[in-house]
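Thanks for sharing this one with me. Below are my notes, set out as numbered points to read alongside the model.

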Amino acid sequence: MTKNSARVFYLVIALIVVLLDRWTKNVVAHRIALYSHIQIIPGFFRLTHTENTGAAFSLFADSPAPWKTAMLIAFSAIAMVVVSVLLWKNHHAHIVTGIALSLILGGALGNLWDRLARGRVVDFLLFYYKRYQWPVFNLADSAIVVGAGLLVIEILFAK
């Protein structure tokens with residue numbers, strides 16, 4: 001894979017993540033009323049329309065700080081610049097690293113889009129068991145976590 005074809009490949013991955021994220025959030029926002037849900041796997045998984053003013057997995061969502069949204073936007077923008085530079089430099093040596101960075105870039109851009117447009121992010125994936133539940137999240141959050149996981153695996157097991 002040449003430098004340019006690798007860069008295009010990574011950009012396409014990030015673009016697919018953004019497009020899928022935008023589409024899923026739009027479908028949820030238009031078809032599921034806010035704070036309503038659709039049961040998918042009883043006792044384990046449901047689609048729940050929530051809006052998150054905090055970071056991933058509702059981190060800082062309860063903070064009343066007036067600078068919270070600006071800080072989250074700035075952090076996302078800085079992260080995207082760093083990831084973009086790393087992607088630009090990573091052309092063929094580590095394909096897994098490039099895919100991981102592309103997932104992180106696409107996820108960050110998807111959530112940044114919501115935050116800039118509305119000041120909050122649409123979340124809708126809820127996994128739970130009895131009274132225990134994971135915080136509601138979205139496709140962009142998933143891409144970021146999968147990308148970070150791939151980076152950790154690459155760091156731990158690369159030769």
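1. Let me begin with the overall make-up. The protein chain has 4 helices and 4 strands, and from the N terminus on these elements follow the order α-β-β-α-α-β-β-α. Please keep in mind that this is a predicted model.

2. Next, some totals for the chain. Of the 159 residues in the protein chain, 37% are buried. Among contacts with a separation of 6 or more, 65% join residues that lie 24 or more positions apart.

3. Now to the sheet. The 4 strands form an open sheet in the order β1-β2-β3-β4, and the pairing is antiparallel. The edges are taken by β1 (37–41) and β4 (132–133); each has a single partner strand, so one side of each has no neighbour in the sheet. As a reminder, strands of a sheet pair through backbone hydrogen bonds, in a parallel or an antiparallel way.

4. Helix α1, residues 3–31, packs on this sheet, where it touches β2 (45–52) and β3, and its direction is at about 80° to that of β3. Helix α3, residues 95–118, also lies across β2 and β3, and runs at about 125° to β3.

5. How much of β3 is covered? Most of the strand: 7 of the 9 residues in β3 are buried. On one side of the pairing, β2 and β3 are joined in the antiparallel sense over 6 bridges, and here Leu-47 sits opposite Leu-125 of β3.

6. The pairing of β3 (residues 121–129) with β4 is antiparallel too, over 2 bridges. Tyr-128 stands opposite Gln-133 of β4, while Tyr-129 has Tyr-132 in β4 as its bridge partner. The hairpin of β3 and β4 has 2 residues between the strands, and Lys-130 in this hairpin takes a positive phi near 55°. You may like to look at that turn on screen.

7. The two helices named above also meet each other. Two packed helices are described by the angle between their axes and the distance between those axes. For α1 and α3, the packing angle is about 35° and the axes are 8 Å apart. Their crossing is right-handed. The residues of this contact between α1 and α3 comprise 12 nonpolar, 6 polar and 4 charged.

8. One residue deserves a paragraph of its own. Asp-21 is found in helix α1. Is Asp-21 buried or exposed? Asp-21 has a relative accessible area of 0%, and a residue counts as buried when that value is under 20%, so Asp-21 is buried.

9. What does the side chain of Asp-21 reach at 3.1 Å? The partner is the backbone nitrogen of Ala-140. The side chain of Asp-21 also makes a polar contact with the side chain of Lys-25, at 2.8 Å. Setting aside neighbours within four places in sequence, Asp-21 is in contact with Gly-110, Asn-111, Asn-138, Leu-139 and Ala-140.

10. To finish, here are the points I would look at again in the viewer. They are the open sheet with its order β1-β2-β3-β4, the right-handed crossing of α1 and α3, and buried Asp-21 with its side chain at 3.1 Å from the backbone nitrogen of Ala-140.

Conventions: Residues numbered from 1 in each chain as written. Predicted model: local features only at pLDDT ≥ 70, side-chain atom pairs only at ≥ 80, totals over all residues. Heavy atoms only, no water. Pairing = 2+ DSSP bridges. Contact = heavy atoms within 4.5 Å. Axes fitted to C-alpha atoms, helices over the stretch in contact; angles between N-to-C directions. Buried < 20%, exposed > 50% of the residue type's maximum accessible area, 1.4 Å probe, protein only. Left-handed = near helix turned anticlockwise from the far one by under 90°. Nonpolar A, V, L, I, M, F, W, Y, C, P; charged D, E, K, R; others polar. Polar contact = N/O pair within 3.5 Å; in protein donor to acceptor, adjacent residues only side chain to side chain.
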